[in-house]
Amino acid sequence: MSASVPLPLRPHDYKSDVKPVWCPGCGDYHVLIALTRALAELQVPPERVALVSGIGCSSRIPAYTTCYGFHGVHGRSLALGAGLKLVRPDLTVVVASGDGDGYSIGGNHFLHACRRNIDMTYLVMDNHIYGMTKGQPSPTTEPDIDTALAPGGTGLRPFNPLVIALASGANFVARAFSGNPPETAGIIAEAVRHPGFSFVEILSPCVTYRPDQKVWKERVHRAPVDATDDAARAARRLMTDDGFNLGVLYRGNRRPYRPHGCEQIGELAELEKEFEL
Amino acid sequence: MSDGAPQVFSLADLYAIAYQIEADAAERYTMLAEQMEMHNNPELAGIFRDLARVEAIHRDEIASAAADPDIVAHACKVARWRSGESPEAVDLSEAHYLMTPRDALEMALAGEERAFDFYNRLSDAVDPDVKRLAAEFVSEELAHVELCRSLLRRCPVPAPADRWIFEDPDLPVSQE
Amino acid sequence: MAEAPSVSVAFVGSGGAGALTSGRLLLEAACKSGWNGLLTRSVGPQIRGGEAAALLRLAIDSVECHSNRFDLLVGIDWLNANRFETEIPLGPNSVVISDPNGAAPPAIVAASGAQILELPLKELTKANPSWRANMVALGAAASLLGFDESILADLIATRFEEKGAEAVTASLEAVRGGAHALGNHRLGTTLAPPRRTAARRWLLTGNEAVGLGAIRGGIRFAAAYPITPASEILEWLAPNLAKVGGCLVQAEDELASINMIIGGSYGGAPSLTATSGPGLSLMVESLGLAVAAEVPVVVVDVMRGGPSTGIPTKSEQADLNIAVYGLHGDAPHLVVAPQSVPDCLIATQWAVYLAEELQTPAIVLSDQFLGQALLACARPADVSFIGQRRKATEIAAPYCRYALTADGVSPMAVPGVPGGQYTADGLTHTVRGLPTSSAGDHDAQLDKRRDKLERFAYGDLWATLEGEGPLAVMTFGSLTGAAREAVGELTRAGHAVRLIAPRLLSPVRPNDMAAAFQGVRRLLVVEQTHSAQFHRYLKAHYTLPADTAVLNRAGPLPIRPGEICRALLEGGIS
């Protein structure tokens with residue numbers, strides 16, 4: 001970590017010397033590549049980027065970059081990122097999560113982050129499984145996946161992150177695939193540039209607990225239509241979504257959240273006036 | 001993974017693209033070497049380090065041949081694949097911590113073949129300088145392909161692709 | 001007629017009778033005349049129209065607790081008033097105002113031997129439809145106290161100005177009607193004349209004082225989730241933080257609010273949230289994160305009756321255990337307990353300062369009594385504590401966020417500073433902040449986080465130590481006021497008694513406390529918990545005198561000075 005990196009910044013400048021603990025073959029390596037490329041495309045200095053995460057394989061990503069990072073507790077990364085962005089609107093805040101961290105334990109924060117529409121980017125590396133705890137079903141796990149915790153499958157309908165994001169008011173909704181870093185990088189860069197809360201669901205296969213996801217490479221396809229700024233149209237598209245459509249679904253025009261400002265007082269002592277008898 | 005390849009308008013473009021192809025390859029092999037080091041597969045780590053070193057030498061050779069002090073910046077601009085990746089950027093999702101030298105060679109072979117295809121498509125370029133340089137790269141990549149193939153012939157034939165599930169003597173470990 | 005330094009008055013009423021308004025007006029009227037006073041309230045579970053009691057103590061000096069007896073109880077009506085009867089102790093010298101045409105006062109009133117004065121509220125308001133019963137009751141109470149009518153007249157004129165001239169006139173008439181109805185009756189005890197002093201005086205609640213202390217200490221960001229009885233802190237901060245260039249955001253839950261302030265503080269802004277027991281329970285996991293990642297934050301816990309939803313509107317001190325011990329792992333942090341309404345300001349300001357200095361979370365352990373008590377008092381003296389976080393500016397590579405330093409505090413890089421990039425982590429980490437599971441790294445960082453708290457010079461604010469002698473009353477938080485009053489009474493009665501009240505509950509101060517115990521032969525520990533949590537905590541960390549007794553009771557009934565005096569003297573030592 002040198003004090004200042006000369007411009008132009010290259011993807012390499014965003015990669016730290018920390019070796020990831022991810023399994024070889026994990027999709028998250030490609031997400032790291034895509035993220036560093038996106039940041040290089042944006043030419044934002046690493047010290048002006050904060051990567052905030054929770055718990056899980058995906059959430060290890062901050063330390064693998066040369067950006068500021070916060071690896072917090074399980075499920076709360078969006079809240080931590082929101083607090084950071086509110087006091088430091090000058091920073092580029094990217095929150096990284098996984099399907100367990102983001103959709104299960106952190107589900108409520110997901111809804112309210114979409115609704116609050118603070119100008120930050122939310123990347124969820126979705127592998128439809130809990131990897132760090134040895135392969136338990138997550139909210140996006142298919143109902144018939146046999147696991148130790150749910151022998152024979154959960155029988156539950158998977159959570160649809162894009163539907164939730166759109167319905168909750170996210171201002172930018174996209175799906176990417178880790179196996180295609182250039183496209184993913186482009187989507188991440190666009191998500192960061194887009195004002196307000198940008199959500200990118202990144203399909204990122206788990207080589208260890210979901211070797212069946214090797215076929216994702218063949219199943220993913222670019223969405224046949226361009227992004228819309230009409231939420232109703234985006235919602236209709238999601239009704240026929242097969243879960244493997246890639247690209248930007250929705251670019252909204254909502255104004256990002258800003259705390260209410262007001263005229264500032266000159267002296268702190270003015271605050272006590274209301275108490276004087 | 002190399003559809004939407006960048007267009008080559010000049011010799012400088014081709015040098016910049018070739019530079020990026022080798023740089024990407026070196027970066028990927030370095031990542032794989034680190035993965036193997038992290039996961040205690042020193043044999044594979046060594047192979048990937050060697051591959052990364054060779055690709056880095058190629059990268060630097062191209063840079064000096066190009067005599068373009070701004071080749072990095074130039075590469076950033078022109079060496080962009082609209083979709084997919086530069087040809088020698090090997091697919092990290094094919095990796096496994098128990099992978100064998102043969103797996104690594106197959107991975108490398110696929111990259112060299114893609115690079116061969118990419119340069120080969122430039123053989124009908126109009127610009128004679130581009131055409132000449134592309135032909136040089138084609139023969140280099142062909143040599144790499146041959147090298148990979150000859151090395152592969154010396155490697156034992158592996159078990160089926162899903163063998164890793166059965167070869168893993170220890171169960172994965174719960175971390176968080 | 002005897003003059004007393006304080007007089008206690010209660011108004012009770014139900015169904016929107018206006019008992020709370022009467023109480024507030026009476027306090028403000030007394031304050032305008034130069035007296036000080038304390039107003040607390042006790043309410044039923046209804047959102048509107050419930051039974052309510054306004055409990056006042058008017059005094060010549062600042063008072064910090066209710067007295068042993070109420071001198072006057074005004075029953076605007078007695079519907080469900082029995083729910084408050086234990087909170088309003090009466091004696092033979094007390095006076096009770098009751099409507100002869102309404103329900104009878106609770107049996108306990110008659111049993112107390114208090115004198116009952118009849119005030120025909122129903123009749124008067126029926127005859128004068130524009131009169132409100134609570135204003136008639138207010139007039140009656142003011143008259144019994146010997147207050148000059150003009151005191152109330154000015155106040156009513158300004159208070160009801162917005163409602164129009166008719167409302168002002170009707171209210172004034174009602175007040176006069178109430179006074180007139182009681183003729184020349186006066187309480188047996190009257191309030192001594194106010195002290196004539198030029199000192200500035202304030203009227204504020206503990207929750208407001210916390211807010212002011214927070215901003216003075218440097219807080220510029222707050223995240224809020226509503227909860228009784230802490231919401232007023234957040235509601236006070238919302239507009240006032242904006243005035244100083246800060247901001248408050250409402251979170252979706254307490255899990256979010258604590259993490260938002262951790263994020264805000266990581267970004268460089270001193271940050272705070274306020275909550276009560278249920279919210280604190282949700283926050284403790286993330287407080288541990290703030291300990292491990294060394295991110296300063298302040299959490300104000302305004303304690304209420306627990307466990308679970310408990311009694312949200314009433315006071316208790318039973319969050320002591322969770323505040324001190326609630327975090328998993330070995331997680332040293334700060335716990336500071338304010339001792340009075342003005343101390344809510346000072347203790348919070350100090351907590352912000354300590355958190356920032358020590359890069360660790362601080363819990364401010366207030367309670368419902370302090371938080372919602374409205375107090376007229378001398379303006380608290382200014383304290384100079386302003387949080388000064390040690391920041392990394394000139395950074396040599398590699399930056400070691402968690403470098404081991406002599407005092408345990410390491411310079412913190414704030415995002416934006418080149419070369420300071422690190423990942424704050426809840427995982428056990430190396431000096432660079434990288435995850436590790438080695439015993440050596442774990443020990444080094446645990447030692448560091450312990451040492452920085454233990455080595456800090458906390459100064460005199462760590463505890464209130466007053467008086468001297470072989471007898472001692474020991475308490476914390478809001479009971480300090482009652483304990484101080486008890487110590488004063490005993491001292492006036494010729495006993496040598498001291499007061500020991502630690503403001504800093506965590507980390508513990510074994511040497512300082514040993515010095516405070518020097519010469520104490522009998523110790524009385526006073527606390528508002530069911531399981532004597534404070535006594536257990538003291539036993540765990542300090543060597544208490546052999547003759548140590550405990551006066552503990554769960555909320556919501558306050559422990560009164562007289563009880564403390566009796567409990568201390570029970571042992572027979574004097």
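Is C:Gln372 buried or exposed, going by the C-beta neighbours inside 10 Å? That is the starting point for these close-ups of a predicted model.

**View 1. C:Gln372 and its surroundings.** C:Gln372 sits in helix H13 of chain C, which covers residues 368–372. Counting C-beta atoms inside 10 Å gives 25 neighbours, so C:Gln372 goes down as buried; the cut-off for that is 20 or more. Leaving aside residues up to four places away in sequence, C:Gln372 touches C:Thr40, C:Arg41, C:Thr205, C:Asn207 and C:Pro229. Two of those names turn up again in the next view, since C:Thr40 and C:Arg41 are touched by C:Gln372 and strand E3 of chain C runs over residues 36–43. For a sense of scale, take C:Val249: this residue is 123 residues from C:Gln372 along the chain, and their C-alpha atoms are separated by 22 Å.

**View 2. An open sheet of 8 strands in chain C.** Follow the strands across and you get the order E7-E6-E5-E2-E4-E3-E16-E9, with mixed pairing. At the edges stand E7 (115–118) and E9 (201–205), each with a single partner strand, so each has one side left without a neighbour in the sheet. On average, neighbouring strands here are turned by 15° against each other, direction ignored. Zoom in on E3 (residues 36–43) and E4 (residues 52–59) and you find an antiparallel pair with 8 bridges. One rung of that ladder links C:Gly37 to its bridge partner in E4(C), C:Leu58.

**View 3. C:Ala10 in the largest nonpolar core.** This core has 317 residues, and the ones touching the most other members are C:Ala10, C:Val298 and C:Val473. The element that gives the most to the core is H1(B), with 15 residues. As a general backdrop, nonpolar side chains tend to be buried together in soluble globular proteins. Around C:Ala10, and again skipping residues up to four places away in sequence, the contacts are C:Ala53, C:Ala54, C:Leu55, C:Leu56, C:Phe70, C:Leu73, C:Val74 and C:Ile88.

**View 4. Strand E19 of chain C, covered on both faces.** E19(C) spans residues 471–474. C:Leu471 and C:Val473 point to one side, C:Ala472 and C:Met474 to the other, and all of them are buried. C:Val473 is also one of the residues with the most contacts to other members of the largest nonpolar core. Next door is E20(C), residues 497–502, which runs parallel to E19(C) and is joined to it by 4 bridges. Within that pair, C:Ala472 has C:Arg498 as its bridge partner.

**View 5. Where chain A meets chain C.** Here 47 residues of chain A are in contact with 55 residues of chain C. On the chain A side, strand E1 (49–53), strand E2 (68–71), H2 and H4 each supply at least two residues. H2(A) gives the most, with 8 residues. Sorted by class, this side of chain A has 26 nonpolar, 14 polar and 7 charged residues. There is strand pairing between the chains too: E2(A) and E17(C), residues 423–425, pair in the parallel sense over 3 bridges. A:Phe70 has C:Ala424 as its bridge partner in E17(C).

**View 6. Helices H2 and H4 of chain A, packed together.** H2(A) (residues 77–87) and H4(A) (residues 107–116) pack at an angle of about 30°, their axes 9 Å apart. The pair therefore counts as roughly parallel, a label used for angles under 35 degrees. From H2(A), A:Leu78, A:Ala79 and A:Ala82 meet A:His109, A:Phe110, A:Ala113 and A:Arg116 of H4(A). By class, that makes 5 nonpolar, 1 polar and 1 charged residues in the contact.

**View 7. Chain B and the side that touches chain A.** Chain B has 6 helices and 0 strands. Its C-alpha trace spans about 55 × 40 × 25 Å along the principal axes, and 40% of its 176 residues count as buried. Among contacts in chain B with a separation of 6 or more, 78% come from residues 24 or more positions apart. As for the neighbouring chain, 26 residues of chain B are in contact with 25 residues of chain A. Helix H1 (11–38) and helix H3 (71–78) of chain B each supply at least two residues of that side, and H1(B) has the largest share, 6 residues. The class breakdown for this side of chain B is 12 nonpolar, 8 polar and 6 charged residues.

Note on methods
Residues numbered from 1 in each chain as written. Chains lettered and ligands numbered in written order. Predicted model: local features only at pLDDT ≥ 70, side-chain atom pairs only at ≥ 80, totals over all residues. Contact = placed C-beta atoms within 7 Å. Nonpolar A, V, L, I, M, F, W, Y, C, P; charged D, E, K, R; others polar. Pairing = 2+ DSSP bridges. Axes fitted to C-alpha atoms, helices over the stretch in contact; angles between N-to-C directions. Core = buried A, V, L, I, M, F, W, Y, C linked by C-beta atoms within 7 Å. Buried ≥ 20, exposed ≤ 12 C-beta atoms within 10 Å, placed from the backbone. Parallel < 35°, antiparallel > 145°, perpendicular 65-115°, else oblique.
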